[in-house]
Amino acid sequence: MNKLIPGVRVLCHSADDAPSLLQVCEGTQHAVPTTDLPYLPEAVIPRGQWRDLTQSERACLSAPMPADRQTPLIEILQIPPLVLESYAELRQLLSAPNSQDRVRSFCHSTTGKSAAQSFCTFANSISSDPSQPQQKCIIVAKPADMPTTTEDVPRKGLNGLHLDNWTRLPLDGRKDAENRIVVNLGIQDRFLLFLNIPIEEVCEHVMKHARKPDLLRTRGTEVARIFFALFPDYPIVRIRLGPGKAYIAPTERVIHDGSSEGSSTPDVTLMLRGNFTARTCCAI
Ligand SMILES: [Fe+2]
């Protein structure tokens, strides 16, 4: 398999030229750990040059309108200027030395707490279940220019492409898992990387080629790595997210990672889990 097959769809609510936000690469590879990028030995990352989509790839990733609830959907949106304004102080810290420590201090400051409140009010407005108590929003600052950003904290290594596992639902039940919104609070572009095949279909592909009893109870990231070993030429997609842009994605159903490749200032994100949707606007 070396061409995108229909699966996960992308819906853009921001005013950008959405197709230009999307690119694909040639496939995947095992990551080589270095001092600066301490990848886990089993980590897998995208391989090859990123390029723009062909017409058929664009059609494959475009969300049908209206997108039905079963379609695994990634939404791209612009955070309202008033909400972003409350993080202006944080953005100013990012060109200074030790900015990652300063970001931590900002989060505990009165300004930081007030900004979080402002964001939570906005998040509530795009929640499909506003009565549900909200989780705490989390701000993370990572070094610049990382091909992938997610760290396995207990193992002190970079995960590479992975599946989130907060709900611990079986892999064929991930349609019911919550999603999350992640905002680029930094001052440069960052990316969302993803495999456009939802995990339940990844399992089907793996089961056709590899004997793996109890696959649906295996960790999603492990299943993803078997898939990548079987199909190393299957492309990974990336979405460019400028400052103030956010994505809503079912990251317990879609194999993914963040990336700050090419940046020179820290990658700062705000993340909140819930049941979010902003689906009212244009398809790509
Ligand atoms: Fe993740």
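In this note, strands are DSSP runs of E with at least two residues, helices are runs of H or I with at least four, and both are numbered from the N terminus. The structure under discussion is a predicted model.

1. Loop after S8. Lys156 is placed in the loop between strand S8 and strand S9, the latter spanning 157-160. Its phi angle is near 50 degrees, which is a positive value in a residue other than glycine. Is Lys156 buried or exposed? Lys156 counts as exposed, because 9 C-beta neighbours lie inside 10 Å and the limit for that class is 12 or fewer.

2. Loop before S8. Asp145 belongs to the loop that runs between strand S7 (138-142) and strand S8 (151-152). Phi of Asp145 is also a positive value in a residue other than glycine, here near 55 degrees. Asp145 has 16 other C-beta atoms within 10 Å and is therefore partly exposed.

3. Ser260 and its partners. Ser260 is located in the loop between strand S14 (256-259) and strand S15 (267-274). Despite lying in a loop, Ser260 is buried, since 25 other C-beta atoms are found within 10 Å and the class begins at 20. Which residue lies 115 positions from Ser260 along the chain, with its C-alpha atom 4.9 Å away? That residue is Asp145, already met in the loop between S7 and S8. Leaving aside residues up to four places away in sequence, Ser260 touches Lys142, Ala144, Asp145, Met146, Thr149, Arg190 and Asp267.

4. Leu270 in strand S15. Leu270 forms part of strand S15 and is buried, because 23 other C-beta atoms lie within 10 Å. Its contacts, not counting residues up to four places away in sequence, are Phe119, Cys137, Ile139, Val183 and Leu185. The C-alpha atom of Leu270 is separated by 9.2 Å from that of Ala116, although these positions lie 154 residues apart along the chain when counted as their separation.

5. Leu272 in strand S15. Leu272 is likewise placed in S15, and with 22 C-beta neighbours inside 10 Å it counts as buried. Beyond the four nearest places in sequence, Leu272 touches Ala123, Gln135, Cys137, Arg180 and Ile181. Leu272 and Gln78 are 194 residues apart in sequence, and their C-alpha atoms are 16 Å apart in space.

6. Ala246 in strand S13. Ala246 sits in strand S13, residues 245-249. Ala246 is buried, as 30 other C-beta atoms are present within 10 Å. Apart from residues up to four places away in sequence, it touches Leu77, Ile79, Ile181, Val182, Val183 and Asn184. Ala246 and Val140 are 106 residues apart in sequence and, from C-alpha to C-alpha, 14 Å apart in space.

7. The nonpolar core. How many residues make up the largest nonpolar core? There are 69, and those with the most contacts inside it are Val10, Phe194, Val202, Ile239, Tyr247 and Ile255. Phe194, one of these, touches Val8, Ile74, Val237, Val254, Ile255 and His256 when residues up to four places away in sequence are not counted.

8. Geometry of the helix pair H6 and H7. The axes of helix H6 (residues 199-209) and helix H7 (residues 220-230) come within 9 Å and cross at roughly 55 degrees. H6 is therefore oblique to H7. The crossing of the two helices is left-handed.

9. Residues at the helix contact. On the H6 side, the contact is made by Ile199, Val202, Cys203, His205, Val206 and His209. On the H7 side, Gly220, Val223, Ala224, Ile226, Phe227 and Leu230 take part. By class, this contact of H6 with H7 has nine nonpolar residues, three polar ones and no charged ones. Val202, a contributor from H6, is also among the residues with the most contacts inside the largest nonpolar core.

10. Surroundings of H7. Which elements do the buried residues of H7 pack against? They pack against strand S3 (27-30), strand S4 (39-47) and H6. The buried residues in H7 are Gly220, Thr221, Val223, Ala224, Arg225, Phe227 and Phe228.

Definitions and conventions:
Residues are numbered from 1 along each chain as its sequence is written. This is a predicted model: local features need pLDDT of at least 70, side-chain atom pairs count only at pLDDT 80 or more; totals for chains, interfaces and linings use all residues. A nonpolar core is a set of buried Ala, Val, Leu, Ile, Met, Phe, Trp, Tyr and Cys residues joined through C-beta atoms within 7 Å. Two residues are in contact if their C-beta atoms, placed from the backbone, lie within 7 Å. Axes are lines fitted to C-alpha atoms, for helices over the stretch in contact, and angles run from 0 to 180 degrees between N-to-C directions. Angles under 35 degrees count as roughly parallel, over 145 as roughly antiparallel, 65 to 115 as roughly perpendicular and the rest as oblique. A crossing is left-handed if the near helix is turned anticlockwise from the far one by less than a right angle, and right-handed if clockwise. Ala, Val, Leu, Ile, Met, Phe, Trp, Tyr, Cys and Pro count as nonpolar, Asp, Glu, Lys and Arg as charged, and the others, Gly among them, as polar.
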